[in-house]
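Please open the structure in a viewer and keep the sequence panel visible. The tour below proceeds by selection, with a short account of what is found at each stop.

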Amino acid sequence: MDALTIAPGPGIPSGLTIPAADLTEQFARSSGPGGQGVNTTDSKVQLSVDLARVSVFSESQRQRAIQNLEHRLSGTVLMVEASEQRAQFRNRTLARQRLANLIREALAPPPPARRATRRTRGSVRRRLATKQRRSEIKATRRRPRGD
């Protein structure tokens, strides 16, 4: 099994390489495509990594990853499955891509907070004019009042 390479992105400007020793790969019979071969080949791939024990994470990266992925974790273990393809090799590649994408997105810093701005005078005018138009349309639908 090879090391998992994570491409550079926000939060990891130079990328990361998770050593193969930190990854656990298991194989099982897949329920996906494959005809009769599904019953005999272990083409489903389960790739997992214990985020608390990854040696290349800094402490802040570790905390951010655990916090951002807490809904997907079992303890501190992140697991990804792939069984769409017939070939085990393709499923291994898919699982590695999914795991790398999840970790890259989890390590990205939160986006900057939105700065509140005032509505423009024109946008307020347009909104009120639209409301007035809707009000007039609905008023024409009412029964005439019997004065």
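**The four-stranded sheet**

Begin by displaying the open sheet of four strands, whose order is β3-β4-β6-β5 and whose pairing is antiparallel. Strands β3 (23-28) and β5 (73-74) stand at its edges; each has a single partner strand, so one side of each is left without a neighbour in the sheet. The model on display is a predicted one.

**Strand β6 and its neighbours**

Select residues 77-82, which form strand β6. Which side chains of β6 point to the buried face? Leu-78, Val-80 and Ala-82 point to one face and are buried, whereas Val-77, Met-79 and Glu-81 point to the other face and are not buried.

Next, add strand β4, residues 44-50, which is joined to β6 by six bridges in an antiparallel arrangement. To locate one position in this pairing, select Gln-46 together with its bridge partner in β6, Glu-81. Glu-81 is also one of the β6 residues whose side chains are not buried.

Now turn to β5 on the other flank of the selection. Two bridges join β5 to β6, and these strands likewise run antiparallel. Leu-73 stands opposite Leu-78 of β6, and Leu-78 is among the side chains on the buried face of that strand. Between β5 and β6 the hairpin has two residues, and Gly-75 takes a positive phi near 75° there.

**Helix α1 and Arg-62**

Select residues 59-68, which make up helix α1, and pick out Arg-62 within them. Is Arg-62 buried or exposed? Its relative accessibility is 13%, under the 20% cut-off, so Arg-62 counts as buried. Leaving aside residues up to four places away in sequence, Arg-62 touches Leu-51, Ala-52, Arg-53, Val-54 and Phe-57. Displaying these side chains together with Arg-62 shows the contacts in question.

**Beyond helix α3**

Move to α3, residues 121-141, and then to Arg-142, which is placed in the segment after that helix. Arg-142 has 59% relative accessibility and therefore counts as exposed. For a sense of distance, select His-71 as well: the C-alpha atoms of Arg-142 and His-71 are separated by 52 Å, and the two residues lie 71 apart along the chain.

**The whole chain**

Finally, show the complete chain, which has three helices and six strands. From the N terminus on, these elements follow the order β-β-β-β-α-β-β-α-α. The radius of gyration is 27 Å, well over the 15 Å that the globule rule gives for 147 residues, so the chain is more spread out than a compact globule. Along its principal axes the C-alpha trace spans about 85 × 45 × 25 Å.

Of the 147 residues, 29% count as buried. The accessible surface comes to about 10,600 Å², and carbon and sulfur atoms account for 49% of that area. A last selection may colour the charges: the mean positions of the 28 positive and 12 negative charges are 18 Å apart. Among contacts with a separation of 6 or more, 57% are between residues 24 or more positions apart.

Technical notes
Residues are numbered from 1 along each chain as its sequence is written. This is a predicted model: local features need pLDDT of at least 70, side-chain atom pairs count only at pLDDT 80 or more; totals for chains, interfaces and linings use all residues. Side-chain values use heavy atoms; hydrogens and water are left out. The radius of gyration is taken over C-alpha atoms; the globule rule is 2.2 Å times the number of residues to the power 0.38. Buried means under 20% relative accessible area, exposed over 50%, partly exposed in between (1.4 Å probe, protein chains only). Contact means heavy atoms within 4.5 Å. Accessible areas come from the Shrake-Rupley method with a 1.4 Å probe; for residues, only the protein chains shown count as cover. Lys and Arg count as positive and Asp and Glu as negative; His and the chain ends are not counted. The place of a charge is taken as NZ of Lys, CZ of Arg, CG of Asp or CD of Glu. Two strands pair if DSSP finds at least two bridges between them.
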